[in-house]
Amino acid sequence: MEEVKRIVDEIKNGKIRPLYFLMGEEPYYIDRIAEYIEQTVLTDEEKGFNQMVLYGKETQVDEIVANAKRYPMMAERQVVIVKEAQELSRSIEKLISYAENPQQSTVLVLCYKYKKLDKRKRLYKAIHESGGLVYESKKLYENQVADWIRKVLQGKGYRISHKATVLLVEFLGTDLSRIHNELKKLQLVLPENSEITPEAIEEHIGISKDYNNFELKKAIGEKNARKATQIITYFAQNPKDNPFVVTISLLHTFFSQLLQYHGLTDRSARNVAGVLRINPYFVSEYQIAAKNYPMKKASQIISSLRELDMKRKGVGAQNMSQADLLKELLVKII
């Protein structure tokens with residue numbers, strides 16, 4: 001986030017580079033930087049003749065270079081943005097000669113999502129040496145996404161309760177683009193300076209504040225059979241919103257982390273959070289679950305979860321409904 005701000009500030013202050021190579025596993029920041037360049041580098045009058053968007057599936061490196069070497073018309077510079085540039089991964093090294101001597105009146109932006117350049121290769125070095133910029137957008141870990149949500153909302157003048165943050169992460173995962181879109185929905189309906197609550201998320205996004213995988217994991221960790229049964233009954237009645245694969249994946253991760261917890265000698269909250277890559281807020285859940293599920297039991301549950309996943313795929317059982325899978329899951333765990 002800080003590096004993105006630095007890049008944006010550079011552009012605001014007039015330091016515009018001839019080549020931006022935006023790469024990495026997290027597409028959100030790649031899109032944000034490219035959008036900022038697309039929206040701000042040229043005036044609306046200049047864009048008609050001097051701004052071009054190409055797509056990796058529909059173009060070749062030679063064509064990109066030819067467009068980048070054009071001179072701007074009635075403007076100081078032109079902007080060429082290549083989206084889906086990862087589609088050119090097999091031929092991207094052909095960009096070397098241009099990268100070594102880029103057209104200074106062109107701003108060439110390549111959006112190279114889900115992949116990255118080999119830093120030992122000549123292209124990577126050429127971009128740096130000629131005054132271009134390579135930015136790597138790294139995927140956030142789940143325990144980092146909650147802080148990201150809070151910072152984004154804080155910057156927009158909103159607060160969010162901890163449980164509301166957990167709901168978003170549990171339901172949307174680490175897909176920042178998807179989270180960003182849902183946050184925009186909330187900002188449209190909620191007044192500035194207000195707090196986003198689980199109730200608001202349930203009403204405007206459709207995530208149940210009481211019946212979700214986060215609450216199921218907590219109920220199972222506490223061996224609260226009554227609460228866990230209520231949640232899986234809700235899941236069985238709403239299978240499309242609560243796919244079994246998501247539930248079983250989350251529980252597999254939970255019990256795998258619980259095994260790690262049992263193996264720790266330093267069980268301070270800070271160390272547990274760091275080793276398990278979880279928010280410190282959740283450490284107490286693992287402390288409780290560890291008392292209810294010794295190492296041997298946790299290991300058995302992981303094996304049972306794998307068997308259930310195979311049954312979901314039709315191996316060893318045919319036509320098992322989601323309701324039946326959920327019931328068996330609960331029997332084998334609690």
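**A friendly note on β3 and its surroundings**

1. A good place to start is the pairing of strand β2 (residues 51-55) with β3, which runs in the parallel sense over five bridges. Within this pair, Q51 stands opposite V79 of β3. The route between the two strands leads from β2 through α4 to β3, and this β-α-β crossover is right-handed. Please keep in mind that you are looking at a predicted model.

2. β3 has another partner too: with strand β4 (residues 106-113) β3 pairs in the parallel sense, again over five bridges. If you would like a residue to look for here, take I81, whose bridge partner in β4 is V109.

3. How much of β3 is covered? Five of the six residues in β3 are buried, leaving the strand mostly covered. As background, side chains in a regular strand alternate between the two faces of the sheet.

4. Next, have a look at the loop between α4 (61-68) and β3 (78-83), where you will find M74. Is M74 buried or exposed? M74 counts as exposed because its relative accessibility is 73%, and the cut-off for exposed is over 50%. Together with F49 and M73, M74 makes a nonpolar surface patch of about 370 Å².

5. R77 also lies in the loop between α4 and β3. With a relative accessibility of 17%, R77 counts as buried, since buried means under 20%. What does R77 touch, leaving aside residues up to four places away in sequence? Its contacts are I16, V41, L42, N50, P72, S105 and V107. For a sense of distance, R77 and R32 are 45 residues apart along the chain, and 21 Å separates their C-alpha atoms.

6. Now step back to the whole protein, which has 17 helices and seven strands. Its C-alpha trace spans about 70 × 45 × 45 Å along the principal axes. Of the 334 residues in the protein, 48% are buried.

7. Two further totals round off the picture. The protein has an accessible surface of about 17400 Å², and carbon and sulfur atoms account for 47% of that surface. Taking the contacts between residues at least 6 apart in sequence, 74% join residues at least 24 apart.

Definitions and conventions
Residues numbered from 1 in each chain as written. Predicted model: local features only at pLDDT ≥ 70, side-chain atom pairs only at ≥ 80, totals over all residues. Heavy atoms only, no water. Patch = residues over 30% accessible without salt bridge, like charges linked within 9 Å, V, L, I, M, F, W, Y side chains within 5 Å. Areas by Shrake-Rupley, 256 points an atom, 1.4 Å probe, with all protein chains shown as cover. Salt bridge = Lys/Arg side-chain N within 4 Å of Asp/Glu carboxyl O. Helix = DSSP H or I, 4+ residues; strand = E, 2+ residues; numbered from the N terminus. Buried < 20%, exposed > 50% of the residue type's maximum accessible area, 1.4 Å probe, protein only. Pairing = 2+ DSSP bridges. Right-handed = clockwise from strand over helix to strand, strands pointing away. Contact = heavy atoms within 4.5 Å.
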